[in-house]
Amino acid sequence: MKTLDVITIGRSGVDLYGSQVGGRLEDMGSFDKYIGGSPTNMACGTARLGLRSGLISRVGDEHMGRFLREELERHGVSVEGVRTDPERLTALVILGIRDRERFPLIFYRENCADMALCADDIDPAFVGAARAVVATGTHLSHPTPRAAVLKALELAKAQGGRTALDIDYRPNLWGVAGHGEGESRFVESAEVTRALQEVLPHFDLIVGTEEEFHIAGGSTDTLEALRAVRAVSAATLVCKRGPMGAVAFEGAIPESLDEGQSGPGFAIEVFNVLGAGDGFMSGLLKGWLDGEAWPVTLKYANACGALAVSRHGCTPAYPSWEELQFFFDRGIVRPDLRNDAELEQVHWATNRHGDWSTMRVFAFDHRAQLEEMEGADPARIGRFKELCLEAAQAVARGQGGHGILCDGRLGQEALFRAAGTGLWTGRPVEWPGSRPLRLEPETGPDLGGLRNWPRDQVVKCLCFCHPDDDAGMWADQEATVTRLFHAARRNGLEFLLEVIPSTVGPVDTETTARIIERVYGWGVHPDWWKLEPFDSDDAWAAAVAAIERHDRHTRGIVVLGLDAAEEALAARFARAARFPLVKGFAVGRTIFGAAARDWFAGRIGDEAAVARMRDNYARLCGIWDAARAAAERDAA
């Protein structure tokens, strides 16, 4: 009974990718932070494809080590085999994209945590839980991690597992090239060849580029090198040939590479070759472990590699299983895949992290309503929002399914305190009450302010709009929402769009659905919708149908409160909960309104305000949970 499909073993580090493309690394001005290291990339890449994946490695006892561990967990990768090294730092790579062929790269791996991986770190039970163990070349380059890899391979074999090697030859990590030669892929070395050939008999599958087989086989003639590998190993050999795809050899090496088994290739534009091999290997492992024929397995591998070379970064570029099927079914529309809006939407939506199938959100992002209260000023409003956060945390108690909406202009301290607590956090950008839509000054005239936001905050935008608005009003609203949506995506932030037509004009069962249709027509795909609590099933059905026609992957809908009494909200929750796309609520004044008025007027203190809001929020959470449970019982 294997509980994991694959365990990868070896490098785990942080990639700092130059954000600017087409220049020297010396001239990079900013960097994007990604998870990195071939085994780590493969663990995440296979998890995205639906395999149960694990990693064996070491990380430092610091921020970057925690980032790697948390990112692995977000991908669903088991970290049972990841040790925290109290003495060494997490490995780091700084790299950039100069052009399609050159990628300046510096490894910061001197005495790093993952190279201290040792045989004592290998847990037989963990290794035995996997159907396969996958090693990479770097950890065969030094005696200590080499012993760990060999122990894992032997344990895997002894417990009925399969083994694979991605040669992953990095000359400077074997000490045969200098620090400035990070992008070098091949330097001849008899010592490296000897070290590799000693371990090749341990594997059922060996994968590499032609250059990597050259080092493994000790010859720069690819066929001769493959035959040298075959002489010491009965493994299936998969040779990657760049734009010509890849070929698999299960038995004797033929007279031509073209005689190997192959899968279809994909004619796409190469943007960034870094990490393509790990994407390829992820697809290959998916097919191999699913028992697919080699042409199908190589199809998976080639497609994953093609998607990887089309995007910025390594792990973030790899496809989900659903995305891969979409790519196969629809085909290539344009060769520069990163600019294929439909494909990129599927990529974004099917690779989001976090389970937010239930949303109980305390909204205290209000600004104008608080500013109008007796006794309010910016400092006191900021303090009150911290009390709102305390109330939210008292109800959530670290459990999932809870969140807040809080602004950055008056509620900055509360936002700071909410970071890392596990609360879903939305942050408004609209100027309160504006119509046509205008944004808070902090976002900047070019929306560059979003660059400063933590990645776990959600861009929330309220747009007062109505289907009967004139063309000029709609053109203005469209321009702002579209710019905001693309800026959010560019900065890796989810986007929540709230629409309220009832304050603008008369509404019927189709009013909101018509707005939703218009928004999708702009090419805007909100991750979340925040909608009014409709008083009819027909209105809910129309809105849900409009969303699902355009986006099967939306996170869902949350219901707003409009300062309704608790009893009225209970009835509206009961109706909304009958529609599974509605995930919960985002309610504010019903929770904090009375407490705020009394607190600003000095009639109650901090403790009483928190207690009152805590109780109100807890009751609303209970009302929603009961409504959802009743709806599920009725549906069953």
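## Report on a predicted model

Thr-425 is buried, with a relative accessible area of 6%. The structure described here is a predicted model. This report starts from Thr-425, moves outward to the barrel, and then turns to the open sheet, the nonpolar cores and the salt bridges.

### Thr-425 and its surroundings

Thr-425 belongs to strand S16. A polar atom of the Thr-425 side chain lies 3.2 Å from the backbone oxygen of Leu-423. When neighbours within four places in sequence are left aside, Thr-425 is in contact with Ile-404, Leu-415, Ala-418, Asp-456, Gln-457 and Val-458. The burial of Thr-425 can be stated as a step of reasoning: the relative accessible area is 6%, and a residue counts as buried under 20%.

### The barrel

Strand S16 is one of eight strands that close into a barrel, in the order S14-S15-S16-S17-S18-S19-S20-S21, with parallel pairing. From one strand to the next, the twist averages 25 degrees. Helix H13, covering residues 378–396, packs on this sheet and touches strand S14 (359–363) and S15; the direction of H13 makes about 170 degrees with that of S15.

Strand S15 (residues 402–405) pairs with strand S16 (residues 424–428) in the parallel sense, over three bridges. Within this pairing, Gly-403 has Trp-424 in S16 as its bridge partner.

Another helix of the barrel region is H16 (residues 511–521), which lies across strand S18 (495–499) and strand S19 (528–531). Helix H16 runs at about 150 degrees to S19.

### The open sheet

The model also contains an open sheet of nine strands. Their order is S5-S4-S1-S8-S9-S10-S11-S12-S13, and the pairing is mixed. At the edges stand strand S5 (78–85) and strand S13 (261–262), each of which pairs on one side only.

Strand S12 (residues 246–249) is joined to S13 in the antiparallel sense over two bridges. Here Ala-248 stands opposite Gln-261 in S13. Helix H4 (residues 143–158) packs on the open sheet, where it touches strand S1 (4–9), strand S8 (130–136) and strand S9 (162–166). The direction of H4 makes about 155 degrees with that of S8.

### Nonpolar cores

The largest nonpolar core has 85 residues, of which Phe-362, Phe-495, Trp-529 and Met-613 touch the most other members. Apart from neighbours within four places in sequence, Met-613 is in contact with Phe-362, Phe-384, Leu-387, Cys-388, Ala-391, Ile-591, Phe-592 and Ala-595. A second core, separate from the largest one, has 43 residues, including Ile-56, Leu-117, Ala-148 and Leu-155.

### Salt bridges

The count of salt bridges comes to 55. Three of them are listed below.

| Salt bridge | Distance between the closest N and O atoms |
|---|---|
| Asp-5 with Arg-52 | 3.0 Å |
| Arg-552 with Glu-322 | 3.3 Å |
| Glu-440 with Arg-367 | 2.7 Å |

In the pair formed by Asp-5 and Arg-52, Asp-5 lies in strand S1, while Arg-52 lies in the loop between helix H1 (38–48) and strand S4 (53–60), so the pair ties together parts that are 47 residues apart in sequence. Asp-5 is buried, with a relative accessible area of 7%, whereas Arg-52 is partly exposed at 37%.

The pair of Arg-552 and Glu-322 is a salt bridge as well. Because Arg-552 lies in the loop between helix H17 (537–550) and strand S20 (556–560), and Glu-322 in helix H10 (residues 321–330), this pair ties together parts that are 230 residues apart in sequence. Arg-552 is exposed, with a relative accessible area of 65%, and Glu-322 counts as partly exposed at 35% relative accessibility.

The remaining pair in the table is that of Glu-440 and Arg-367. Glu-440 lies in the loop between S16 and strand S17 (457–463), and Arg-367 in the loop between S14 and helix H12 (368–371), so the pair ties together parts that are 73 residues apart in sequence. Glu-440 counts as buried at 2% relative accessibility, and Arg-367 counts as buried at 4%.

Glu-440 and Arg-367 also take part in a network of salt bridges. The residues linked in this network are Asp-365, Arg-367, Glu-371, Arg-409, Glu-430, Glu-440, Lys-460, Glu-498 and Lys-530.

Terms used. Residues are numbered from 1 along each chain as its sequence is written. This is a predicted model: local features need pLDDT of at least 70, side-chain atom pairs count only at pLDDT 80 or more; totals for chains, interfaces and linings use all residues. Side-chain values use heavy atoms; hydrogens and water are left out. Two strands pair if DSSP finds at least two bridges between them. Helices (H or I, at least four residues) and strands (E, at least two) are DSSP runs, numbered from the N terminus. Axes are lines fitted to C-alpha atoms, for helices over the stretch in contact, and angles run from 0 to 180 degrees between N-to-C directions. Contact means heavy atoms within 4.5 Å. Buried means under 20% relative accessible area, exposed over 50%, partly exposed in between (1.4 Å probe, protein chains only). A polar contact is a pair of N or O atoms within 3.5 Å; within protein, one must be able to donate a hydrogen and the other to accept it, and residues adjacent in sequence count only if both atoms are side-chain atoms. A nonpolar core is a set of buried Ala, Val, Leu, Ile, Met, Phe, Trp, Tyr and Cys residues joined through side-chain atoms within 4.5 Å. A salt bridge is a side-chain nitrogen of Lys or Arg within 4 Å of a carboxyl oxygen of Asp or Glu.
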